[in-house]
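Here's a quick briefing to read alongside the sequence and the structure. Take a look at both, then we'll go through a couple of spots together.

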Amino acid sequence: VALEPAHLAVEVDANKVTSVVVRFDREMDTKAHAVCGGGASFPAVRNTYWVDAKTFALDVTLQPDHVYVMDLACPGSSGFLSRTGERLLPQPWRFATRGTPLGDGEAARATSRLFEAIQNHYSYRDRLGIDWAELERNHLETLATAADGASFALRAANLLAAAQDPHISVQWREAVLPTFTRHGESN
């Protein structure tokens with residue numbers, strides 16, 4: 001039902017957020033959970049616990065100017081199960097903490113370079129028949145007005161997800177944001 005902070009939230013205050021929370025619409029099996037990810041893009045987790053049968057929480061330490069990448073459930077994990085045995089399909093959870101503000105026009109210049117790179121250097125840009133001009137119109141303002149680098153990176157990764165290309169990623173500092181993950185079931 002809800003993620004706190006929300007999926008794709010930007011400018012999250014790393015000094016105020018000490019827990020990240022998943023709220024479900026039904027009672028869950030409190031013996032099963034899987035928050036997947038790792039490395040520099042995964043928050044430092046101090047503790048995980050069920051608040052109640054519909055609410056799962058992770059006590060975390062977040063860093064400012066950072067992008068966090070997690071997945072609720074993932075192939076090969078026990079995942080999250082409802083009390084009636086329904087398995088949660090893998091769900092992405094990405095958010096960015098507030099960082100050093102970008103200089104005047106810096107986000108707009110980065111946006112221009114991003115779309116230029118897609119136009120001139122992305123060899124698979126026409127593979128799915130994506131209307132990149134339409135995507136640019138729809139995302140231009142949110143990218144060009146990003147307050148900080150972490151917010152820009154998160155928004156750029158979200159835009160690039162349209163390509164459905166697991167070879168594309170966005171990096172902000174040490175954190176790598178996949179733009180697309182193909183989930184498959186193990187044999």
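Which residues does Asp 59 touch, not counting residues up to four places away in sequence? They are Thr 18, Ser 19, Ala 44, Val 45, Arg 46, Asn 47 and Tyr 49. Keep in mind that this is a predicted model. Besides Asp 59, the other spot to look at is a disulfide between Cys 36 and Cys 74.

**Asp 59 and its surroundings**

- You'll find Asp 59 in strand β6, which covers residues 55-61.
- Asp 59 is buried, yet it has no salt bridge.
- Arg 46 is the nearest side chain of opposite charge, and it sits 4.8 Å away from Asp 59; a salt bridge would need a side-chain nitrogen within 4 Å of a carboxyl oxygen.
- Arg 46 still turns up among the residues that Asp 59 touches.
- The Asp 59 side chain does have polar partners: one polar contact, at 2.6 Å, goes to the side chain of Ser 19, and another, at 3.1 Å, goes to the side chain of Tyr 49.

**The disulfide**

- Searching the whole structure turns up one disulfide.
- Cys 36 and Cys 74 form it, with their sulfur atoms 2.1 Å apart.
- The torsion about their S-S bond is about -75°, so this disulfide is left-handed.
- Cys 36 lies in strand β4 (residues 35-36) and Cys 74 in the loop between β7 (67-72) and β8 (91-97), so the pair ties together parts 38 residues apart in sequence.
- Cys 36 is buried, at 13% relative accessible area, whereas Cys 74 is partly exposed, at 22%.

Terms used:
Residues are numbered from 1 along each chain as its sequence is written. This is a predicted model: local features need pLDDT of at least 70, side-chain atom pairs count only at pLDDT 80 or more; totals for chains, interfaces and linings use all residues. Side-chain values use heavy atoms; hydrogens and water are left out. A disulfide is a pair of cysteine sulfur atoms within 2.5 Å. Helices (H or I, at least four residues) and strands (E, at least two) are DSSP runs, numbered from the N terminus. Buried means under 20% relative accessible area, exposed over 50%, partly exposed in between (1.4 Å probe, protein chains only). Lys and Arg count as positive and Asp and Glu as negative; His and the chain ends are not counted. A polar contact is a pair of N or O atoms within 3.5 Å; within protein, one must be able to donate a hydrogen and the other to accept it, and residues adjacent in sequence count only if both atoms are side-chain atoms. Contact means heavy atoms within 4.5 Å.
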